[in-house]
There are 2 protein chains.
Amino acid sequence: MTLNPCDAGFVARLSAALPEGRIRPPEPRYLEEPRGQWQGRAGAVATPASVEEVATIIRLAGQARVPVVPFGGGTGLVGGQVMADGPLPLVLSLERMAAVRAVYPSENVLVAEAGTVLARVQEAAEEAGRLFPLSLASEGTAQIGGLLSTNAGGVNVLRYGNARELCLGLEAVLPDGSIWHGLKRLRKDNTGYDLRDLLIGAEGTLGVITAASLRLFPRPAAVGTALLVVDGPAAALALLALAQECAGPALTAFELISGQGLRFEIETGFDLRQPFDPVPDWLALIDLGCMREQDPQELLETIFTEGHAAGLVSDGVIAASEGQRAALWALRENIPLANRRVGAIASHDISLPLSAIPAFIEDAGRRLARLGAWRINAFGHMGDGNLHYNVFPPAGRSRAEFADRKAEVTRTVHDLVVEMEGSISAEHGIGRLKRDDLVRYGDPARLKAMRAIKSALDPAGIMNPGAVIVPG
Amino acid sequence: MTLNPCDAGFVARLSAALPEGRIRPPEPRYLEEPRGQWQGRAGAVATPASVEEVATIIRLAGQARVPVVPFGGGTGLVGGQVMADGPLPLVLSLERMAAVRAVYPSENVLVAEAGTVLARVQEAAEEAGRLFPLSLASEGTAQIGGLLSTNAGGVNVLRYGNARELCLGLEAVLPDGSIWHGLKRLRKDNTGYDLRDLLIGAEGTLGVITAASLRLFPRPAAVGTALLVVDGPAAALALLALAQECAGPALTAFELISGQGLRFEIETGFDLRQPFDPVPDWLALIDLGCMREQDPQELLETIFTEGHAAGLVSDGVIAASEGQRAALWALRENIPLANRRVGAIASHDISLPLSAIPAFIEDAGRRLARLGAWRINAFGHMGDGNLHYNVFPPAGRSRAEFADRKAEVTRTVHDLVVEMEGSISAEHGIGRLKRDDLVRYGDPARLKAMRAIKSALDPAGIMNPGAVIVPG
């Protein structure tokens with residue numbers, strides 16, 4: 001089915017159907033993505049202020065067969081928010097729909113519009129004495145609509161789940177322009193197909209999320225953080241099991257850190273206190289959030305002591321103050337920034353069955369070594385089986401020299417991930433970057449079902465065409 | 001699209017395509033459901049032993065346009081497992097596929113076939129030193145396939161979530177006879193549409209779940225239970241907030257009990273020790289599962305003391321032994337049995353936004369009082385906003401006398417639930433019992449999307465026709 005461009009005629013019709021100022025020419029920021037891999041294009045940017053206006057836009061786009069690209073905070077890493085080819089699209093930004101519509105502290109629920117920035121939702125929860133646990137590097141920019149559309153992950157998934165698990169209900173405009181009023185605030189609701197979880201993670205290809213009811217949690221009474229030196233990924237895995245047995249749901253994060261990441265921080269001039277000298281090869285960062293009658297320091301000491309006795313942990317620090325906690329977390333959080341300064345040839349957002357992680361790190365290193373003398377920084381949310389596995393040029397060389405090796409490196413990594421029953425996109429999604437990989441590695445029955453669902457809900461194919469899956 | 005009956009010719013073709021003994025005449029147990037509201041019919045029962053055999057059956061049924069009714073443990077309460085009219089269906093039972101295929105203790109994952117009884121999965125988890133937390137009254141009979149297909153709830157949802165949240169991946173046969181190999185063991189996997197959560201809760205109308213990878217958890221180091229007398233539903237709600245603030249995720253269950261339920265137990269001759277005399281009007285049963293360095297008795301005492309100081313709790317008992325725990329839980333677990341002995345005119349499995357529960361109980365009582373002098377037993381998983389709201393005849397009268405009032409009573413209850421933004425099916429599903437209610441109360445945009453998805457994935461309409469939704 002052919003689509004038509006968002007041309008002057010369509011823009012005029014759209015403008016006439018909406019209040020003044022909703023449709024404007026596209027500024028460059030709507031046409032970019034953080035990795036600079038695609039250059040977006042657009043006939044116009046629509047900034048509706050209500051779900052009814054969104055419905056009007058989608059209805060008119062459907063009638064005119066004009067593609068619509070939903071744009072959130074623009075922080076997505078797989079090109080889901082930019083359409084670089086095909087007929088000129090309309091970019092749809094929900095930035096005007098940024099209200100926290102309601103907070104229900106006694107229900108642990110908050111209702112936010114899709115354009116609300118994550119940090120604002122976190123604040124609103126805190127103002128109500130509650131926690132909204134979704135947390136990731138881009139939280140000052142990323143919007144709820146985009147976070148749900150990509151089923152965002154982050155550092156607290158181990159305890160609280162992905163964005164999907166934090167959402168109780170949605171308001172959305174479906175591709176036919178109808179409004180689904182589904183802002184339920186219920187923990188249990190078994191009334192038919194799970195449209196909510198279908199829109200979550202669909203990256204704007206099955207409709208536009210306009211608001212969401214989100215789960216809040218009691219704030220932990222006390223928190224604690226430790227950075228422990230482990231003998232390797234297998235020891236880290238055993239330590240994770242020990243930490244879970246001790247702390248259960250009080251374990252909010254378990255991050256694997258490789259010495260390479262810390263050495264990159266040193267090499268690229270980050271002013272961070274490195275607690276161990278020399279830099280160890282492998283470390284685990286453990287975060288606890290305890291409720292009452294439970295002391296995180298005691299728990300961390302137990303984990304350290306038992307981990308040490310079991311030969312898993314050789315050294316470690318337990319933060320004794322909020323400042324020390326922040327300093328330990330800074331070591332983890334600056335790794336992606338250091339990576340950027342060094343410049344990766346290829347980076348991979350993968351997940352694996354937990355028990356496969358040690359073998360994966362070993363095998364991937366061995367296979368890649370056959371291709372070149374890379375430096376590898378494997379780190380991430382080990383508690384969720386999620387590694388960021390990034391491949392860098394040898395010291396003193398630049399990524400540009402190896403641009404033609406990227407495909408080969410990625411293919412090697414992804415092949416092994418799939419052999420080990422992992423995922424080639426743990427938390428970033430498919431977007432346009434991994435669309436071909438999805439077809440290559442995806443289960444054929446599932447791909448066929450995905451195409452059938454896409455065609456059924458968006459027969460004209462106007463919603464974010466080219467992202468995730470191409471029907472037909 | 002017309003369907004054909006499962007007649008002798010089809011049975012012969014099916015038998016020829018499968019190993020000996022897979023197809024047999026329907027015994028009565030496949031044609032019944034616990035509430036005796038429908039009488040099922042079937043041309044035959046198929047009992048495949050592998051996913052390939054299931055695929056063969058579905059493919060042949062699709063070619064012949066013969067309806068297929070998946071049958072699990074048969075414990076469903078909404079008639080999803082029986083087809084009382086239309087062309088004679090094939091009943092598909094996965095009872096031969098009852099293996100726990102693998103347990104991965106270090107990953108907290110277990111892979112079970114769909115025919116595995118829930119109690120067996122719980123045991124296999126325990127043998128590995130882990131917990132599979134799904135727990136409900138029918139766990140000795142209900143099968144994993146049916147539990148997932150209905151997104152079962154139960155007593156531990158507050159802490160661990162519904163069946164959907166306990167499932168990481170599926171193996172399933174889709175309505176076109178293709179096999180989806182989706183038994184992922186991953187916590188994070190953002191590779192396209194969420195087919196898993198779409199099949200979960202679809203009650204066998206979008207395909208047949210043949211196996212699932214399930215989440216396990218560390219077993220709590222210590223457990224504790226208290227039964228507290230509360231001033232009413234509003235006080236119970238405030239107590240829930242207090243318990244969450246104290247115990248956070250250690251709070252595994254928070255059940256509301258009405259005095260009516262306990263009086264029914266006494267009236268119908270259950271030999272239970274009632275800890276309070278006279279029977280209080282409202283009680284809360286609190287269950288904790290603590291990890292190390294955390295004492296459930298201390299936490300329960302804190303909750304009691306602070307609840308008492310706040311005027312929420314007037315009396316209470318904290319179990320001092322496993323026997324006392326079991327005795328407190330027996331008070332809760334025998335309520336449904338006592339209900340059955342009394343005989344409800346109408347029972348409702350509803351959920352509400354937490355903060356609406358006190359007003360709902362008051363308003364529903366008032367509205368129903370205008371219709372008659374009923375006795376009402378409202379109880380259930382208050383922590384999940386899930387009430388079982390059952391309406392009984394006055395003392396000394398029988399339900400049979402009021403059979404003609406049932407529709408009116410249910411309509412009154414469901415109307416109020418929907419007014420208060422609740423759900424008319426919290427955990428039992430839609431099946432055939434609530435199909436018309438779903439159309440009456442459901443969001444039109446969502447219903448249209450559900451019909452489109454059903455038609456897209458099952459264009460011939462062979463999968464459990466008449467359950468959940470009828471495409472238009």
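Two strands are said to pair if DSSP finds at least two bridges between them, and with that in mind the tour of this predicted model can begin at a single bridge in chain B.

Select B:F379 and then B:H388, its bridge partner in β18(B). Widen the selection to β17(B) and to strand β18, residues 386-392 of chain B, and you have two strands that pair in the antiparallel sense over five bridges. Adding β16 of chain B completes an open sheet of three strands, in the order β16-β18-β17, with antiparallel pairing. Because β16 (346-351) and β17 (375-379) of chain B each have a single partner strand, they stand at the edges, and one side of each is left without a neighbour in the sheet. From one strand to the next, the twist averages 15°.

Now show α13(B), which lies across β16 and β18 of chain B and runs at about 10° to β16(B). Its neighbour for the next view is helix α12, residues 357-369 of chain B, which packs with helix α13, residues 406-419 of chain B, at an angle of about 150° and with the axes 10 Å apart. The crossing of α12(B) past α13(B) is right-handed. To see the contact itself, display side chains including B:F360, B:A364 and B:L368 in α12(B), and, among those they meet in α13(B), B:V409, B:V413 and B:L416. The residues of this contact divide into seven nonpolar, one polar and three charged.

Move next to the open sheet of five strands in chain B, whose order is β5-β6-β10-β8-β9 and whose pairing is antiparallel. Its edge strands, each pairing on one side only, are β5 (100-104) and β9 (179-182) of chain B. Within the sheet, select strand β6 (residues 109-113) and strand β10 (residues 208-215) of chain B, which run antiparallel and are joined by five bridges; here B:A112 stands opposite B:A212 in β10(B). Helix α2 (residues 51-64) of chain B packs on this sheet, touching β8 (167-173), β9 and β10 of chain B, and its direction makes about 50° with that of β8(B).

Finally, bring chain A into view and colour the two chains separately. In this interface 83 residues of chain A are in contact with 83 residues of chain B, and the area buried between the chains is about 7100 Å², of which carbon and sulfur atoms give 52%. Select A:K188, A:N190 and A:Y193, which supply 15% of the area that chain A buries against chain B, more than any other three residues. Between chain A and chain B there are 14 salt bridges, and one to finish on is that in which the side chains of B:R164 and A:D194 meet at 3.1 Å, N to O.

Key. Residues numbered from 1 in each chain as written. Chains lettered and ligands numbered in written order. Predicted model: local features only at pLDDT ≥ 70, side-chain atom pairs only at ≥ 80, totals over all residues. Heavy atoms only, no water. Axes fitted to C-alpha atoms, helices over the stretch in contact; angles between N-to-C directions. Helix = DSSP H or I, 4+ residues; strand = E, 2+ residues; numbered from the N terminus. Left-handed = near helix turned anticlockwise from the far one by under 90°. Contact = heavy atoms within 4.5 Å. Nonpolar A, V, L, I, M, F, W, Y, C, P; charged D, E, K, R; others polar. Buried area = accessible area lost by both parts, 1.4 Å probe. Salt bridge = Lys/Arg side-chain N within 4 Å of Asp/Glu carboxyl O.
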